Amino acid sequence: DNGNGATKGYGSIKSNSIVFQNISYVKGLQHNLISVSQLCNVGYELILNKRKGKVVDQKNVTVLTAN
C-alpha cells in the first residue's frame, strides 16, 4: 500500500522451533515480514505455491506455514 513507518525497536520472537532474531518493530505495519535469505542461511527450506508457504527443517519437518 506504499505505506512507511519508523522502526521503534528490535527483539526476538519464537514461533514453534524457529527463533527469529533482530526483529524490527514498525508501528502501523500491517503484515509480518520474514527474511527468506536468513531462513535459508540457517538451514531451513521454503516451499511456496499459490495457496501457502511452508518452512521445513533439515529433517523435512514442517516448522512454519502461512496462507
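**Figure 1. The largest nonpolar core brings together seven residues: Ile18, Phe20, Leu39, Tyr44, Val55, Val63 and Leu64.** Strand S2 (18-26) and strand S5 (62-66) each supply at least two residues of this core. A good place to start looking is Ile18, whose contacts, leaving aside neighbours within four places in sequence, are Ile13, Leu39, Tyr44, Val55, Val63 and Leu64. Please keep in mind that this is a predicted model.

**Figure 2. The whole protein chain holds one helix and five strands.** If you follow the chain along its sequence, you will meet the pattern β-β-α-β-β-β. Taken along the principal axes, the C-alpha atoms fill a box of roughly 40 × 25 × 20 Å. The chain has 67 residues, and 15% of them count as buried. Looking at contacts between residues at least 6 apart in sequence, 15% join residues at least 24 apart.

**Figure 3. Strands S1 and S2 run antiparallel.** How many bridges join S1 to S2? There are seven of them. One pair to look for is Gly11 and its bridge partner in S2, Ile23. The two strands form a hairpin with two residues between them. In the turn you will find Asn16, which has a positive phi of about 55°.

**Figure 4. Phe20 sits in strand S2.** Is Phe20 buried or exposed? Its relative accessible area is 15%, and because buried means under 20%, Phe20 counts as buried. Setting aside neighbours within four places in sequence, Phe20 is in contact with Gly11, Ser12, Ile13, Ser15, Ile34, Leu39 and Leu64. Phe20 and Ile34 are 14 residues apart along the chain, and their C-alpha atoms are separated by 8.6 Å. Phe20 also belongs to the largest nonpolar core, together with residues including Ile18 and Leu39.

**Figure 5. The largest pocket has a volume of about 980 Å³.** Several elements give two or more residues to its lining: strand S1 (7-15), S2, helix H1 (36-41), strand S3 (45-48), S4 and S5. Which element gives the most to this lining? The answer is S2, with nine residues. In total, 31 residues line the pocket, and Phe20, Ile23, Leu33, Ile34 and Ser35 lie nearest its centre. You may recognise two names here: Phe20 from the largest nonpolar core, and Ile23 as the bridge partner of Gly11. The lining divides into 19 nonpolar residues, eleven polar ones and one charged one.

**Figure 6. Strands S3 and S4 pair in the antiparallel sense.** Four bridges make up this pairing. To find your way along it, look for Ile47, which stands opposite Lys54 in S4. A hairpin joins S3 to S4 through four residues.

**Figure 7. Gly53 lies in strand S4, which covers residues 53-56.** With a relative accessible area of 16%, Gly53 falls under the 20% limit and is therefore buried. Where does the chain come back to Gly53? Leaving aside neighbours within four places in sequence, Gly53 is in contact with Ile47, Leu48, Leu64, Thr65 and Ala66. Of these partners, Ala66 is 13 residues from Gly53 along the chain, and the C-alpha atoms of the two are separated by 5.2 Å. Another partner, Leu64, is one of the residues of the largest nonpolar core.

**Figure 8. Asn22 and Asn60 each have a positive phi without being glycine.** Asn22 lies in strand S2, and its phi is near 60°. Asn60 has a phi of about 65°, and you will find Asn60 in the loop between S4 and S5. Are these residues buried or exposed? Asn22 has a relative accessibility of 59%, and because exposed means over 50%, Asn22 counts as exposed. Asn60 is exposed too, with a relative accessible area of 57%.

Key
Residues are numbered from 1 along each chain as its sequence is written. This is a predicted model: local features need pLDDT of at least 70, side-chain atom pairs count only at pLDDT 80 or more; totals for chains, interfaces and linings use all residues. Side-chain values use heavy atoms; hydrogens and water are left out. Buried means under 20% relative accessible area, exposed over 50%, partly exposed in between (1.4 Å probe, protein chains only). Contact means heavy atoms within 4.5 Å. A nonpolar core is a set of buried Ala, Val, Leu, Ile, Met, Phe, Trp, Tyr and Cys residues joined through side-chain atoms within 4.5 Å. On a 1 Å grid over the protein atoms alone, a cavity is a set of points where a 1.4 Å probe fits but cannot get out, and a pocket is an open set with protein on both sides within 12 Å along at least five of seven lines; lining residues have an atom within 4 Å of a point. Grid points are joined across faces, edges and corners, and a volume is the space filled by probe spheres set on the points. Ala, Val, Leu, Ile, Met, Phe, Trp, Tyr, Cys and Pro count as nonpolar, Asp, Glu, Lys and Arg as charged, and the others, Gly among them, as polar. Two strands pair if DSSP finds at least two bridges between them.
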